[in-house]
Amino acid sequence: MKKVAFLSMVMMLWITACEKEKLTPTDLNVEDRGQNKVTVCHIAGNGAFHPLQVNQNALANHLSHGDYLPDADGDGYTAIGACTGSQDDCDDTDAAIHPGAEEVCDGIDNDCDGQTDEEDIKSPTLVCINGLAVNMPASGMVTQAASSFLAYAEDNCTPSNLLVFSIRKAGQGSGFPVDTFGDPIPSVTFDCSELGTQLIELWVKDLAGNVDYCETYLLLQDNQFVCPD
Ligand SMILES: [Ca+2]
Ligand SMILES: [Ca+2]
Ligand SMILES: [Ca+2]
Ligand SMILES: [Ca+2]
């Protein structure tokens with residue numbers, strides 16, 4: 001009996017000692033291990049990646065063998081398709097870009113929601129020229145580009161060269177003019193039945209889909225008597 005009691009005591013002491021030594025997951029940080037550990041996506045023999053903790057000084061070696069850092073830019077979000085972590089950093093080379101980042105006007109999807117500059121709710125500024133006089137050519141048809149009615153356009157977000165323009169004869173529809181394919185309409189065409197002042201709408205759209213329009217006119221003249229009386 002004495003022997004059993006003694007052994008039990010030894011066991012208890014041993015267990016207590018072990019409990020003291022046991023590290024909780026929160027203790028398993030860099031300091032306690034005395035060396036810098038980093039998580040890599042380690043490539044296995046079958047080509048699959050799985051997370052692996054490696055020593056900092058072995059990192060270069062791992063990377064050269066096909067492993068990669070799941071959060072290469074260190075913003076706390078791992079790359080889309082990474083082996084571990086949030087897997088939602090749409091640009092893992094730029095720490096300013098990640099879910100929850102502020103969306104700013106820069107032509108980039110800053111917050112990784114799949115939309116670019118979606119905070120832009122301001123319509124472009126658009127100014128038409130004050131009318132355009134055109135003489136009917138021998139063909140009896142005049143096609144005028146939308147750009148020929150534009151004086152000035154600017155947006156708070158979309159660069160001017162990325163603004164989209166479209167045109168229609170006034171009163172022949174509403175909203176941003178599109179053709180049957182949904183594409184903007186680049187020009188308007190007039191014939192001999194439309195001599196005189198013809199109102200047109202010039203429309204502009206920014207990358208966020210905000211639109212505006214201005215109205216001006218084409219004065220169609222027939223100085224060379226092309227059109228039948
Ligand atoms: Ca990242
Ligand atoms: Ca990022
Ligand atoms: Ca966005
Ligand atoms: Ca942006």
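Colleague: In this predicted model, in which loop is Gln87 found?
Modeller: Most residues other than glycine have a negative phi. Gln87 has a positive phi of about 55° although it is not a glycine. Gln87 is found in the loop between α3 (59–64) and β3 (125–128).

Colleague: Is Gln87 buried, exposed or partly exposed?
Modeller: A residue counts as buried with 20 or more other C-beta atoms within 10 Å of its own, and as exposed with 12 or fewer. Gln87 has 14 other C-beta atoms within 10 Å, so Gln87 is partly exposed.

Colleague: Is Cys112 buried, exposed or partly exposed?
Modeller: Cys112 has a positive phi of about 60° and is not a glycine. Its place is in the loop between α3 and β3. With 19 other C-beta atoms within 10 Å, and 20 or more needed for a buried residue, Cys112 is partly exposed.

Colleague: Which strands stand at the edges of the open sheet of 4 strands?
Modeller: The order in this sheet is β4-β10-β9-β7, and the pairing is mixed. A strand at an edge has a single partner, so one side of it is left without a neighbour in the sheet. The edge strands are β4 (132–135) and β7 (164–169).

Colleague: What is the bridge partner of Leu202 in β10?
Modeller: Strands of a sheet pair through backbone hydrogen bonds, either parallel or antiparallel. Strands β9 (residues 196–205) and β10 (residues 211–221) run antiparallel and are joined by 10 bridges. In β10, the partner of Leu202 is Cys214.

Colleague: Which side chains of β8 point to one face and are buried?
Modeller: In a regular strand the side chains alternate between the two faces of the sheet. Along β8 (residues 187–191), Ser187, Thr189 and Asp191 point to one face and are not buried. The buried side chains, on the other face, are those of Val188 and Phe190.

Colleague: Which residue in β8 does Ala145 stand opposite?
Modeller: Strand β5 (residues 141–145) runs antiparallel to β8, and 5 bridges join them. Opposite Ala145 stands Ser187.

Colleague: Which element gives the most residues to the largest nonpolar core?
Modeller: This core has 18 residues, of which Ile167, Ile200, Leu202 and Trp203 touch the most other members. Two or more residues come from each of β7, β8, β9 and β10. The element that gives the most, with 4 residues, is β9.

Note on methods:
Residues numbered from 1 in each chain as written. Chains lettered and ligands numbered in written order. Predicted model: local features only at pLDDT ≥ 70, side-chain atom pairs only at ≥ 80, totals over all residues. Pairing = 2+ DSSP bridges. Core = buried A, V, L, I, M, F, W, Y, C linked by C-beta atoms within 7 Å.
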